[in-house]
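I opened a new model today and kept notes as I went. Each entry records what I looked up and what I found.

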Amino acid sequence: MGNVTVKTLQDLKENGEKFCCITAYDATFSRLISEAGAETMLVGDSLGMVLQGHDSTVPVTLDDMAYHTECVARGNRGALVIADMPFMAYSTPEQTLDSATALMQAGAHMVKMEGGTWLSESIQMLVQRGTPVCAHLGLTPQSVNVFGGYRVQGRTPKGAKSILADAVEIQDAGASLLVLECVPTPLATDISEKLRIPVIGIGAGPGTDAQVLVMHDMLGLSEHNARFVQNFMTGQDSIQGALKAFVGAVKSGSYPRTEHGYE
């Protein structure tokens, strides 16, 4: 596999080919994940939970994210690296530029930001300055304290309409990718069909253009798993085998199944 770019992902969507994303936090797993054929890797602020032991992503700092992005970039073998902008690291235009600069200079190819249409100007500003953006809608973990827990979003007609409107505006602002987390399968499918840009789902059913899982979840290492998680170590005798099984299942469409989604 050559180096994956934004254009690679766009071409896959236009050709109706699924692609996958796995979280990575260090050089060793970065190498294994990219060698397994995953087109994208997310240096997720989920590291706050799976590496640091916090109960949310809120405590993760920009320095944390830059450090782990550097580690992942060193081990990467051609995947596109997306780095999360952590909690409150993009609350003003100046801060947004500084945070994105730190992550891109650490080795990211794209930054990810959680939020709706309020991000439009920031997305436009970053893209104009050479920084691709992945947006994130639905259950946005940095807002867990506002939501009152990890709850499925977009279940009411008003909520679904709001997420679709946000998705369209974010695309029009210049985002190259969109993550949809924990939204009903019909809504995720509808948004994926209506957008030009690729949509990566997690707990969003099989109708999106790609799937992402936290590496620790898909390897069966997590203490509590959501309904959309499948343990890909089952039936495998190595981590490399599990990573390849996940990539193959996403590309073939055998994961996620109906029962992994929400209505």
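**Entry 1: strand β2.** I began with the side chains of β2. T40 and L42 point one way, while M41 and V43 point the other way. I checked burial next, and all four of these residues are buried. The alternation fits a general pattern: in a regular strand, side chains switch between the two faces of the sheet. I note here that the model is a predicted one.

I then looked for a partner strand. β1, residues 19-23, pairs with β2 in the parallel sense, over three bridges. Which residue of β2 is the bridge partner of T23? I found L42.

**Entry 2: helix α4.** I moved on to α4, which covers residues 62-75 and has 14 residues. From first C-alpha to last it reaches 20 Å, close to the 20 Å expected at 1.5 Å a residue. I listed its buried residues: M65, A66, H68, T69, C71, V72 and G75. What covers them? I found that the cover includes α2, β2, α3 (47-50), β3 and α5 (93-105). So β2 from my first entry turns up again, as part of this cover.

**Entry 3: salt bridges.** I counted nine salt bridges. I looked at three of them.

I took K7 and D11 first. Their closest N and O atoms are 2.9 Å apart. Both sit in helix α1 (residues 6-14), four residues apart, so about one helical turn separates them. K7 counts as exposed because its relative accessibility is 57%, over the 50% cut-off. D11 is partly exposed, at 29%.

Next came E39 and K251, whose side chains meet in a salt bridge at 2.2 Å, N to O. E39 lies in the loop between α2 (27-35) and β2 (40-43), and K251 lies in helix α11 (residues 239-252), so the pair ties together parts 212 residues apart in sequence. E39 is buried, with a relative accessible area of 6%. K251 is partly exposed, at 38%.

The third pair was D84 and K112, with closest N and O atoms 2.8 Å apart. This pair links distant parts of the chain: D84 is in strand β3 (residues 80-84) and K112 in strand β4 (residues 110-114), 28 residues apart. Are these two buried or exposed? I found D84 buried, and K112 as well.

**Entry 4: a charge without a partner.** I went to D166, in helix α8 (residues 157-173). D166 is buried yet has no salt bridge. How far away is the nearest side chain of opposite charge? That side chain is K161, and the distance is 12 Å. I also listed what D166 touches, leaving out residues up to four places away in sequence: G116, T117 and L137.

**Entry 5: the core.** The largest nonpolar core has 85 residues. Which of them touch the most other members? I noted L178, L180, I191 and F246. I followed L178 further. Leaving aside neighbours within four places in sequence, its contacts include C134, A135, H136, A167, I191, L195 and V199. L137 is also among the contacts of L178, and I had already met L137 beside D166 as one of the residues it touches.

**Entry 6: the end segment.** I finished with T258, in the segment after α11. T258 counts as exposed, at 62% relative accessibility. I compared its position with F87: the two are 171 residues apart in sequence and 32 Å apart in space, C-alpha to C-alpha.

Notes. Residues are numbered from 1 along each chain as its sequence is written. This is a predicted model: local features need pLDDT of at least 70, side-chain atom pairs count only at pLDDT 80 or more; totals for chains, interfaces and linings use all residues. Side-chain values use heavy atoms; hydrogens and water are left out. Helices (H or I, at least four residues) and strands (E, at least two) are DSSP runs, numbered from the N terminus. Buried means under 20% relative accessible area, exposed over 50%, partly exposed in between (1.4 Å probe, protein chains only). Lys and Arg count as positive and Asp and Glu as negative; His and the chain ends are not counted. A salt bridge is a side-chain nitrogen of Lys or Arg within 4 Å of a carboxyl oxygen of Asp or Glu. Contact means heavy atoms within 4.5 Å. A nonpolar core is a set of buried Ala, Val, Leu, Ile, Met, Phe, Trp, Tyr and Cys residues joined through side-chain atoms within 4.5 Å. The expected span of a helix is 1.5 Å times one less than its number of residues. Two strands pair if DSSP finds at least two bridges between them.
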